[in-house]
Amino acid sequence: MYLYIEMWNVTGKWIDLSKEKRRELMENMQDRITGLKDNGVENLGWALNDEHTHYRSQYRYVTVWKMPSLDNVETLEENLKKVGWYDYFSQANTRGEIISQKEAIDFLVNLEAESTSLT
């Protein structure tokens with residue numbers, strides 16, 4: 001099972017689109033996502049990044065996905081490319097296989113300086 005997090009800001013190219021074209025792009029994206037949902041992909045929610053978040057990222061918009069496999073993640077990324085999503089939004093993505101809190105803590109505790117990047 002994978003978590004996939006998208007964070008983005010709109011670009012001037014998005015602002016320049018008519019509302020009708022924006023709606024068309026969003027509907028195209030939603031149509032592509034419907035097929036993913038049929039395969040067990042779950043969108044956990046969308047959010048506007050709260051201005052008062054401690055250590056806030058500079059991205060305004062966020063969505064989080066839970067996906068059964070890496071194939072589902074790659075399909076979503078490919079669909080976003082096909083609808084032109086990345087032409088209209090500056091975006092950063094994060095993805096990874098879901099691990100338990102204990103596994104994450106053990107990994108962090110057992111890091112060795114030579115085996116990891118410190119940034």
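In this predicted model, confidence varies among the elements of the chain: helix H2 (residues 19-38) has the lowest mean pLDDT, at 88, and strand S1 (residues 2-10) has the highest, at 97. Taken over the chain, the mean pLDDT is 91, with 95% of the residues reaching 70 or more. A word of caution still applies to the remainder: where pLDDT is low, the predicted coordinates should not be read in detail.

The overall layout is easily followed along the sequence. Five helices and four strands make up the elements of the chain, and from the N terminus on they run in the order β-α-α-β-β-α-α-β-α. The C-alpha trace spans about 50 × 35 × 25 Å along its principal axes. Contacts that reach far along the sequence are well represented: of those between residues at least 6 apart, 76% join residues at least 24 apart. Of the 119 residues, 24% count as buried. The chain exposes about 8500 Å², and carbon and sulfur atoms supply 51% of that area.

Turning to the interior, the largest nonpolar core holds 19 residues, and the members that touch the most others are Trp65, Met67, Leu76 and Trp85. At least two residues of this core come from each of S1, H2, strand S3 (61-67), helix H3 (70-82) and helix H4 (85-88). H2 provides the largest share, with four residues. Methionine 67 offers a helpful close-up of the packing. Leaving aside residues up to four places away in sequence, methionine 67 touches Met1, Tyr2, Tyr4, Val41, Asn72, Val73 and Leu76.

Nonpolar side chains also appear on the outside. Met1, Leu3, Leu44 and Ile98 together make a nonpolar surface patch of about 330 Å². One of these residues, leucine 3, lies in strand S1. Leucine 3 has a relative accessible area of 34%, so it is classed as partly exposed and passes the cut-off of over 30% that patch residues must meet.

Charged pairs are readily listed, since the count of salt bridges comes to two. In one of them, the side chains of arginine 95 and glutamate 77 meet at 2.9 Å, N to O. This pair links distant parts of the chain, with arginine 95 in strand S4 (residues 89-97) and glutamate 77 in helix H3, 18 residues apart. Arginine 95 counts as partly exposed because its relative accessibility is 41%, a value between the limits of 20% and 50%.

The other salt bridge joins the side chains of aspartate 106 and lysine 102, at 2.5 Å, N to O. Here both partners lie in helix H5 (residues 101-109), four residues apart, which is about one turn of the helix. Their surroundings can be told apart by accessibility: aspartate 106 is partly exposed, with a relative accessible area of 31%, whereas lysine 102 is exposed, with 58%.

Finally, the backbone holds a detail worth a look. Most residues other than glycine have a negative phi. Tyrosine 55 is not a glycine, yet it has a positive phi of about 55 degrees. This residue is found in the loop between strand S2 (42-48) and S3. Tyrosine 55 counts as exposed because its relative accessibility is 85%, beyond the cut-off of over 50%.

Methods. Residues numbered from 1 in each chain as written. Predicted model: local features only at pLDDT ≥ 70, side-chain atom pairs only at ≥ 80, totals over all residues. Heavy atoms only, no water. pLDDT = per-residue confidence, 0-100. Patch = residues over 30% accessible without salt bridge, like charges linked within 9 Å, V, L, I, M, F, W, Y side chains within 5 Å. Areas by Shrake-Rupley, 256 points an atom, 1.4 Å probe, with all protein chains shown as cover. Salt bridge = Lys/Arg side-chain N within 4 Å of Asp/Glu carboxyl O. Buried < 20%, exposed > 50% of the residue type's maximum accessible area, 1.4 Å probe, protein only. Contact = heavy atoms within 4.5 Å. Core = buried A, V, L, I, M, F, W, Y, C linked by side-chain atoms within 4.5 Å.
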